[in-house]
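Biologist: I would like a close look at a single part of this protein, taken slowly and with its surroundings included. Please choose one element and describe how the rest of the chain is arranged around that element.

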Amino acid sequence: MTAWLPDETTLHHGDGPCLRAGHDSDPFAELREPARHQTAQITAAGAAWLAGATAYPRSALSQWEARPTAPGVLPCGTAFDVVNVPTLFGRRMLEHLWADGPGSGPVASHRGRMLLFASPGTAQRLPSLLDWEEWGDGARTPALLCHGTGDAVTVPPLTCGDSYAGPRWLVAPDTRNPWLPGPDVLLWACVRVARSVPAPMPRISIFPLTDQGAKVYDVSRRR
């Protein structure tokens, strides 16, 4: 992700319920502080990008101003698509994307799943690419959910405390135009993870297979 870019062009001012002292009049003030910039902290520019996924960005931002600690629901298919994967598999995908690949776009966690934000059109193309790879044979290739046009996803709140148990940003959006991986990049990451997971070891026994139809006698009492 790129460096923090202050963005005040579409932000309004209102009251927020759970922000630090000195920022009660502006829920977005904390998001503009350079010292607060972290990978998992959304910025004002990132909030503006998310709001751009809606038909009325200013209204979306106004709602976030009023309730900055509440998660939101955004439509997919215009600004982004989302690939929904199990948490452990998603973490392994991120490891490969950041260590060996081009990195990732925004990523959130929600209800034991990981949401990888991708370029629009990914939800339509990725399933066919996975079918080509014969995806879906069990634990090594878990089921992936692709959310595109007509779908909506829950996104984390602008700010949350340590005890918050809802959706959280793992890699938060921080610019008005964040880079988003396409279906080819995500397919590459999926295949890398599947190939790195060892196949289940076959059960080996030194005894021959038992005949299920054979009679069993109790020989413990024989003399």
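Modeller: What follows is a description of one helix and its surroundings, with a few other sites added at the end.

The model is a predicted one, and the values below are computed from its atoms. The protein has five helices and seven strands, and along the sequence these elements follow the pattern α-α-β-β-α-β-β-α-β-β-β-α. Of its 223 residues, 43% count as buried. Among contacts between residues at least 6 apart in sequence, 76% join residues at least 24 apart.

The part I have chosen is helix H5, which covers residues 183-196 and so has 14 residues by the numbering of that helix. From the first C-alpha of H5 to the last, the helix reaches 20 Å, which is close to the 20 Å expected at 1.5 Å a residue. The buried residues of H5 are Pro-183, Val-185, Leu-186, Leu-187, Ala-189, Cys-190, Val-191, Val-193 and Ala-194. These buried residues pack against two strands and two helices, namely strand S2 (81-86), helix H3 (87-99), strand S4 (113-118) and helix H4 (122-132).

Turning to the helix partners, I begin with H4. The axes of H4 and H5 are 9 Å apart, and the two helices pack at an angle of about 40°. An angle of that value makes H4 oblique to H5, because angles that are neither under 35 degrees, nor over 145, nor from 65 to 115 are counted as oblique. The H4 side of the contact consists of Thr-122, Arg-125, Leu-126, Leu-129 and Leu-130, while the H5 side consists of Pro-183, Asp-184, Leu-186, Leu-187 and Cys-190. The crossing of H4 and H5 is right-handed.

The other helix partner is H3, whose axis comes within 9 Å of the axis of H5, with a crossing at roughly 110°. H3 and H5 are therefore roughly perpendicular to each other, and their crossing is right-handed. From H3, the residues that take part are Phe-89, Arg-92, Met-93, His-96 and Leu-97, and they meet Val-185, Leu-186, Trp-188, Ala-189, Cys-190, Arg-192, Val-193 and Ser-196 of H5.

Cys-190 deserves a separate description, since this residue of H5 is listed in the contact with H4 and again in the contact with H3. Cys-190 counts as buried because its relative accessibility is 0%, and buried means under 20%. When residues up to four places away in sequence are not counted, Cys-190 touches Phe-89, Met-93, Leu-130, Trp-135 and Leu-144. Of these, Phe-89 and Met-93 are also named on the H3 side of the packing with H5, and Leu-130 is named on the H4 side. The C-alpha atom of Cys-190 is separated by 8.8 Å from that of Gly-90, although the two residues are 100 residues apart along the chain.

At Pro-183, the picture extends to the loop between S4 and H4, where Ser-119 lies. Leaving aside neighbours within four places in sequence, Ser-119 is in contact with Asp-81, Leu-180, Pro-181, Gly-182 and Pro-183. Ser-119 counts as buried because its relative accessibility is 19%, a value that falls under the 20% limit. Ser-119 and Gly-148 are 29 residues apart in sequence, with their C-alpha atoms 9.8 Å apart in space.

Another buried site is Thr-43, which is found in the segment before helix H1 (44-51). Thr-43 has a relative accessible area of 2% and is therefore buried. A polar atom of the side chain of Thr-43 lies 3.0 Å from the backbone oxygen of Asp-174.

Two loop residues can be set beside these buried sites. Arg-111 lies in the loop between strand S3 (107-110) and S4, and its phi is near 55°, a positive value in a residue other than glycine. Arg-111 is exposed, with a relative accessible area of 78%. Glu-134, in the loop between H4 and strand S5 (145-147), likewise has a positive phi near 55° and is a residue other than glycine. Glu-134 is exposed as well, with a relative accessible area of 68%.

Conventions:
Residues are numbered from 1 along each chain as its sequence is written. This is a predicted model: local features need pLDDT of at least 70, side-chain atom pairs count only at pLDDT 80 or more; totals for chains, interfaces and linings use all residues. Side-chain values use heavy atoms; hydrogens and water are left out. Helices (H or I, at least four residues) and strands (E, at least two) are DSSP runs, numbered from the N terminus. Buried means under 20% relative accessible area, exposed over 50%, partly exposed in between (1.4 Å probe, protein chains only). A polar contact is a pair of N or O atoms within 3.5 Å; within protein, one must be able to donate a hydrogen and the other to accept it, and residues adjacent in sequence count only if both atoms are side-chain atoms. The expected span of a helix is 1.5 Å times one less than its number of residues. Contact means heavy atoms within 4.5 Å. Axes are lines fitted to C-alpha atoms, for helices over the stretch in contact, and angles run from 0 to 180 degrees between N-to-C directions. A crossing is left-handed if the near helix is turned anticlockwise from the far one by less than a right angle, and right-handed if clockwise.
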